[in-house]
Structures are given as structure tokens and as C-alpha cells.
Amino acid sequence: MSKRTDIIVVGAGPAGCAVSRAYALAGKKVILLEAEPVGKSGKRFAGEWLHPQGVDALKKLGFGSIASMQGRPQGRGFVVYPGHGESPVKLDYVEGQRGLAFHHGDLVDEMRKLVSETDGVTFRQGVRVAAVDDQGVTLENGERLEAERVVGADGRSSVVRRSLRGSGNHKAMSAMTGILLEGVKAPYPEYGHVFLGKPSFLLGYEIAPSVVRICVDVPLKYKTEMKDPEWLIAATRDTLPAVWRKPCEDQIRGGHLRWQANHFLARADYGNGRRVLIGDAAGHTHPLTATGITNGLVDAIELVETKRFEAFAKSRRRACRVPELLSRALYDCFSKEDAFSQSLRRAVVSLWRNDEKERERTMGLLMGNGQSFITFAWPFLKALVGAWRGRDNTTTMGADLASIASWIRLPMAYAMAGWVRPKA
Ligand SMILES: Cc1cc2nc3c(=O)[nH]c(=O)nc-3n(C[C@H](O)[C@H](O)[C@H](O)COP(=O)(O)OP(=O)(O)OC[C@H]3O[C@@H](n4cnc5c(N)ncnc54)[C@H](O)[C@@H]3O)c2cc1C
């Protein structure tokens with residue numbers, strides 16, 4: 001026998017909790033389904049940094065207690081260490097706005113608790129959705145639930161997306177390991193630190209007072225080497241600040257690592273109105289620019305506030321295009337090893353160091369202020385010119401031109417994608 005409700009939400013991560021709460025506050029009856037058994041969310045290594053736009057979204061949905069919890073680190077922006085002993089460059093959020101840092105499991109536990117206490121939400125944990133259609137979902141145990149709308153907030157391997165588009169449409173980018181250091185401070189406690197190095201970059205930020213999370217990005221071509229702890233120690237040693245080196249080595253040797261794969265899926269497809277995709281189910285990119293949770297929270301609010309599904313999808317496609325492009329471009333810039341890309345890396349850092357407007361523009365784009373392609377293309381062009389001028393002449397012009405061509409392909413593809421609509 002099937003059970004009927006207004007809305008079924010698949011997945012109780014940040015996006016699923018947010019959309020369930022938003023629908024319930026708007027008077028809808030919601031069934032929220034989560035596959036993970038009770039008590040398992042604390043184990044996951046995932047998003048731990050929220051941009052100010054995401055903090056506002058939490059507050060708007062009544063999750064404000066999470067943001068105001070005393071002692072929880074507030075993010076003022078990012079500090080980029082270019083390497084080679086050069087001094088760091090600080091990029092502040094515009095207008096003194098603040099982000100938030102936390103342990104991913106703490107955020108999810110607190111959101112789940114609040115949403116399970118919300119009138120109108122039935123939260124069922126430890127149940128996996130096996131199949132989805134326009135009328136509802138079938139659970140792994142064969143139980144059938146039906147609704148006016150199914151919202152897929154079920155993450156990167158979304159069963160709701162697969163029900164619409166089939167599998168295998170996201171692309172692996174890199175692997176990342178998370179290391180926790182306890183009893184140490186960050187050089188800039190209220191900032192996310194980005195350390196540029198080889199073979200890629202490291203991130204570091206406080207997720208609680210004197211608890212630092214280090215994220216080590218490992219390009220896929222090193223997938224054999226990364227299993228060797230000594231290789232990982234060597235890869236991080238020269239890039240990390242001296243005070244973090246020893247505790248980091250101890251954690252690596254002790255095997256206290258959590259690995260995650262990073263994938264890319266452009267945010268082009270939000271479903272068909274009966275089956276809607278939000279959060280990572282709609283699209284995801286490398287965590288370098290920390291946009292995933294913020295995107296999911298804003299999706300949730302806009303989906304509930306926007307009357308027509310098509311208007312919601314159009315608005316979110318438009319809002320996410322430039323931040324996504326920035327994230328792809330910065331990831332390539334910080335991880336590609338060819339000489340021209342390294343020159344581009346120096347040019348980008350120099351642009352930030354010497355031009356306050358460019359720092360503000362970059363942070364504005366990360367915060368979702370700026371949807372026009374030109375806001376990305378103009379500084380990108382400036383950086384390309386800077387990189388060309390700053391080449392170190394150790395490579396041939398042919399190799400550099402090939403690298404430039406690969407750099408130009410990415411924004412061109414995005415500019416074109418602006419006119420291409422996915423099939424309904
Ligand atoms: C290493 C790493 C670091 C990151 N750092 C950041 C960061 O600093 N800031 C940031 O904003 N983002 C970051 N991200 C991205 C961020 O974690 C994601 O964007 C965010 O968690 C997506 O939220 P979501 O609710 O859409 O999906 P998820 O968090 O993936 O939640 C999906 C939920 O659906 C459940 N589910 C899946 N399938 C089913 C099913 N069939 N039936 C029922 N339930 C199901 C899952 O158990 C899960 O609880 C990072 C990601 C990684 C991998």
C-alpha cells in the first residue's frame with residue numbers, strides 16, 4: 001500500500017534538511033528519507049566551511065543557533081601562501097561579512113535534530129531509496145511512498161538524478177585526504193589557508209578552537225604514490241607552516257586519514273519539476289572554493305520561494321555558472337604542473353596582491369555576487385596576459401601556446417553552455 005504526502009525529500013545532508021524545513025515552514029507535509037543509520041554522520045569528511053551567503057541562508061531557515069554557537073570559528077576570508085617563501089596574500093569577504101567553520105558531522109547532526117523537531121516533517125533515518133519516478137519513490141524494502149514532488153538532495157551519486165539521466169555523468173578530478181590536528185592554532189585563526197605547492201595545494205583552517213583541519217589535494221595521476229605515507233609526508237612537508245609539520249606527520253604515520261574523491265558535474269540540470277535536483281545532486285565541483293553547502297542551502301530556499309519550477313532552474317543555472325567557472329579555473333591554476341600554468345598561478349597571485357579591486361571581485365564572485373560572464377572573463381584575460389609576460393622561457397613557445405589554448409577552452413565552453421539547455 002502506498003503512502004501519500006506533499007513532498008518527499010531524498011537525503012538529509014545540508015541541502016535535504018534545509019529544503020525539508022523550508023517546505024514545512026511554507027505549510028507543506030514533508031517526508032525526509034535518509035539512508036545513513038543514526039550516529040554515522042560524524043565519520044564523514046566533507047564540507048566544513050560556509051560562505052556568508054550560506055550563513056544567511058541557515059539563519060533564514062531558523063538554523064541560526066548553529067551560526068551563533070559560541071567558540072565556533074567565524075571565517076573572514078582566505079589567506080593564500082604562494083610558496084617559495086613569499087609572503088601570504090589575504091582575501092577578505094566584502095563588507096566585513098563572516099563565514100563559518102565547523103566539523104561537517106556537527107553541522108549535519110544539528111540540522112537533522114532541528115528538522116526532526118519541525119512540525120510537518122516526518123524524518124525517517126536508516127531507509128534507502130532504491131527507485132524514483134514522477135509519482136514517488138520505492139524504498140529498498142519495497143515500501144512505496146507517493147508525493148506531488150520528489151526532491152533529490154541525495155548528493156553526488158544521486159539516485160534521483162540517475163532516475164532522470166542514467167549514471168556515470170560526473171567526472172573524477174582529484175583525491176583529497178583530511179587530517180585533523182588537535183592542540184594547534186592557525187597562523188590566521190579566522191581565515192581559510194590555501195598553501196600552493198607541489199604536487200598540488202593544501203588547505204588548512206580551524207574547525208573548532210585549536211582544532212585544525214588540513215586537506216591535502218592529490219591529482220589523480222599520483223593515485224599509486226598517495227597510498228605511501230612517506231610520499232604524502234614529503235608532499236606536504238615543504239608546503240605546510242613549520243608548526244603544523246610534526247603533528248601532521250604523526251597523523252599520517254598513524255594512519256589517521258580520511259580520503260574522499262573529488263568530482264565535477266556542471267550545474268545544468270535541476271530535474272523536471274516532479275523530480276527536482278538540489279545541492280550536490282544538481283552539480284558539484286572541487287571543494288577548493290567551498291561553494292557546495294552554500295549552493296545547496298540557497299537552492300533549498302529558492303525552490304520553495306519560486307512558484308514556477310522553470311524559473312527556479314533558470315535562476316540557479318544563471319547564479320551558479322560564474323562561481324563554478326571560477327572554481328574550475330582556480331583548481332586548474334593551482335594544480336596544473338606545466339610551465340605556463342605555473343606562470344599563470346604567479347600572475348593570479350600578483351593580481352590579488354597588487355589590486356584591491358580584484359581581491360574584492362574574486363571574493364564577491366565566491367559569495368555569489370556577479371552573474372555576468374564578463375565579471376570572470378576580464379580578470380581572467382588580465383591574468384593570462386600577465387602569465388604570458390612572466391613566462392620563464394624554459395619551455396618552447398609551442399608548448400606555451402598549447403597550454404594557453406587549453407586555458408581558453410574552459411571559459412569558452414562555459415560561455416557556450418549559457419545558450420545550451422539540457423533536455424527536459
Ligand atoms: C573533501 C571535501 C571537502 C569539502 N569542503 C567543502 C567546504 O569546505 N565547504 C563547502 O561548502 N562544501 C565543501 N564540500 C562539498 C560539500 O560537502 C557538499 O557540497 C555538501 O555536503 C552537499 O550537500 P548535500 O546535502 O547536497 O549532499 P550530501 O551532503 O552528500 O548529503 C546527501 C545525503 O543523502 C543521503 N543519501 C544518498 N543516497 C540516498 C538514498 N538512495 N536514499 C536515502 N538517502 C540517501 C546520504 O546518506 C547523505 O546523507 C566538500 C566536499 C568534500 C568531498
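This is a conversation between a visitor and a guide about one predicted model.

Visitor: What should I know about the numbering and the model before we start?
Guide: Residues are numbered from 1 along each chain as its sequence is written. The model is predicted, and local features need pLDDT of at least 70, side-chain atom pairs count only at pLDDT 80 or more, while totals for chains, interfaces and linings use all residues.

Visitor: What makes the chain as compact as a globular protein of its length?
Guide: The radius of gyration, taken over C-alpha atoms, is set against the globule rule, which is 2.2 Å times the number of residues to the power 0.38. The chain has a radius of gyration of 22 Å, close to the 22 Å that the rule gives for 424 residues, so the chain is as compact as a globular protein of that length. Its C-alpha atoms fill a box of roughly 70 × 50 × 45 Å, taken along the principal axes.

Visitor: How many helices and strands are there in the chain, and what makes a run count as one?
Guide: Helices (H or I, at least four residues) and strands (E, at least two) are DSSP runs, numbered from the N terminus, and the chain holds 13 helices and 16 strands.

Visitor: How do you know that the ligand lies between domain 1 and domain 2?
Guide: Domain bounds come from an automatic or database domain assignment, which divides the chain into domain 1 (3-48 + 103-170 + 265-305), domain 2 (174-263) and domain 3 (321-417). Domain 1 and domain 2 both give residues to the shell around the ligand, so the ligand lies between them.

Visitor: Which residues come nearest to the ligand, and what makes a residue near?
Guide: A residue is near a molecule if its C-beta atom, placed from the backbone, lies within 6 Å of that molecule. There are 36 residues around the ligand, and Gly11, Gly13, Gly155, Gly279 and Gly292 come nearest. Among the elements that give two or more residues to this shell are helix H1 (14-25) and helix H8 (292-305), and H8 gives the most, with 4 residues.

Visitor: What makes E5 and E15 the edge strands of the open sheet?
Guide: Two strands pair if DSSP finds at least two bridges between them. The open sheet has 7 strands in the order E5-E4-E12-E13-E14-E11-E15, with mixed pairing; strand E5 (89-92) and E15 each pair on one side only, and these are the edge strands. Inside this order, strand E11 (residues 171-182) and strand E14 (residues 211-219) run antiparallel and are joined by 9 bridges, with glutamate 182 opposite valine 211 in E14.

Visitor: What makes proline 199 and glutamate 95 worth a look?
Guide: Most residues other than glycine have a negative phi, and most peptide bonds are trans. A cis peptide bond, with omega about 10°, joins lysine 198 and proline 199, and proline 199 lies in the loop between strand E12 (191-196) and E13. Glutamate 95, although not a glycine, has a positive phi of about 55°, and this residue is placed in the loop between E5 and strand E6 (100-101).
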